[in-house]
Amino acid sequence: MKKDRKRKVLLSIALTSLMALNGVTSVSAAVTANEEQLNIELNSTVKQVRSSNETLLDWKKWVNDHAYSLSSIQPETFNGQKIPSSEFEDLEMLKPLLHDKRIVFLGESSHGVAQFNLAKTRLIQFLHQEMGYNVLAFESGMGNVMNAQGKIDKQAALQTMKDGIFGVWWTKETLPLFEYAKTTYTTKQPLVLTGFDIQQQGAFTNGDWLHNPQLAQQFSEAEKQLAEWSSGKDLKGYQKEKATIINVYKQVKAQVQLKEKELQAAYPNEPHIVKLMERTLADRIRLANEYVELTIQANIDLEQNNIESFLQTMEWRDQAMGENLLWLAEKVYPTEKFIVWAHNDHIRKAQSDVMGSPYPVKLMGERLPDIYKKYSYVLGLYMGSGETANNMGEPMAVLPPIKGSIEDILSTKNKPYTFIDMRNRQNERGNSWMFEPRIGYSWGVMQESFVPRDQYDGILLIDKVSKPHYVK
């Protein structure tokens, strides 16, 4: 496929360095010395230069001494009573790292890994119960998660999962998270679900709360039309219909304040339903006014192997996602701590610096204000071996780690689940790998090169993975 060929070209520029030089003497300083002294210094320099193998051994020894091993990634059983804190003993090392952080970003190098879903669910249980992170924000439609949260105690956890998040996470391994969230709703400390994505993700409301069948039908049709136009290539055709579609959304949005009681009755478990519904409809108007045309143009250009328009849609989407996340943090839950569930690409702190990425542009994490970066912790998840799945659920074998790569260095612990903190480290002989470009696999198959500490505060490597068990 043309897109695949373009991706291979992008990946071909991935860089790595397996040689680290320590203690090299400045030649310019040595010029002023006599010939004998110069020879002594040069000989000393040569002796201090290490081979790539020696450097790699140093790195692996340091990781073996400083990395943590998790005892389990299986979610803890929760029946409405507090999970014994002893069950989280292996995660206690996170408390001093996160004690002053308002947002913890949980990434993943692939959406199709069963063990990522399990590990993130257990981490969320720990962060929620032990550290008071009460809001879980998904890389999924704001309106969709709003709909799911609003009915969380009225329906099965499976339905909440399917109503709320993208289908790439509709798995048996993710389901315990929604069972946990539903059970916490009856406690004094519920885990609140929300979303920050602006993309369409199916209908986010049926419009019954409008008590206006005609407008509700028009709204439903507008949702379908918007999705159809977005997947097509008829730019001029959409431009003719755009105003009509936007007008429907404006009519619905104008009813939100007037139908507050009806909304609260339709979504009894979402106390912020009015704010969230208004924001979601404003996002739809913005989507219809700007994003759909970008998407149609990207569809046209991709046929010509031109990815520039597609990258523009990525930047547009991530800027909007970042704005939504900040709005949630400042206007809806101003006193709460957040957990964010998203792909590594969206949460990395300098995505545009990643060499070999299919998306070499500024995405959400890079766009966040510095104050939010200061009080956030970004955790990237990677895999060492096994099988992952693409967004279509198709299996892909994880490629063997490259010598000197992130996966290779962290696998030296020889444990199933290895965590390393990088944020609180200074550059020294054994950990210089995190301060220089390293190779890491995206989706388990695509080489990327980046400075680990510039992108993440910590990394969790899961040694062996498998594709999820999907729920249709």
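This is a short dialogue on reading cavities and salt bridges in a predicted model.

Student: What should I know about this predicted model before reading it?
Tutor: Local features need pLDDT of at least 70 and side-chain atom pairs count only at pLDDT 80 or more, while totals for chains, interfaces and linings use all residues. Residues are numbered from 1 along each chain as its sequence is written, and side-chain values use heavy atoms, with hydrogens and water left out.

Student: How many cavities of 30 Å³ or more does the structure hold?
Tutor: Rolling a probe the size of a water molecule over the atoms shows where empty space is left. Here a cavity is a set of points on a 1 Å grid over the protein atoms alone where a 1.4 Å probe fits but cannot get out, and lining residues have an atom within 4 Å of a point. A volume is the space filled by probe spheres set on the points, which are joined across faces, edges and corners. There are 4 such cavities, and the largest has about 110 Å³ of space.

Student: Which residues lie nearest the centre of the largest cavity?
Tutor: Leu-94, Leu-106, Leu-123, Leu-379 and Phe-419, out of 13 lining residues.

Student: How many salt bridges are there?
Tutor: Side chains of opposite charge can pair when their charged atoms come close. The rule is a side-chain nitrogen of Lys or Arg within 4 Å of a carboxyl oxygen of Asp or Glu, and the count comes to 21. One of them joins Glu-293 and Lys-242, with the closest N and O atoms 2.6 Å apart. Glu-293 is buried at 19% relative accessible area, and Lys-242 is buried at 17% (buried is under 20%, exposed over 50%, partly exposed in between, with a 1.4 Å probe and protein chains only).

Conventions
1 Å grid on protein atoms, 1.4 Å probe; cavity = no way out; pocket = protein on both sides within 12 Å on 5 of 7 lines; lining within 4 Å.
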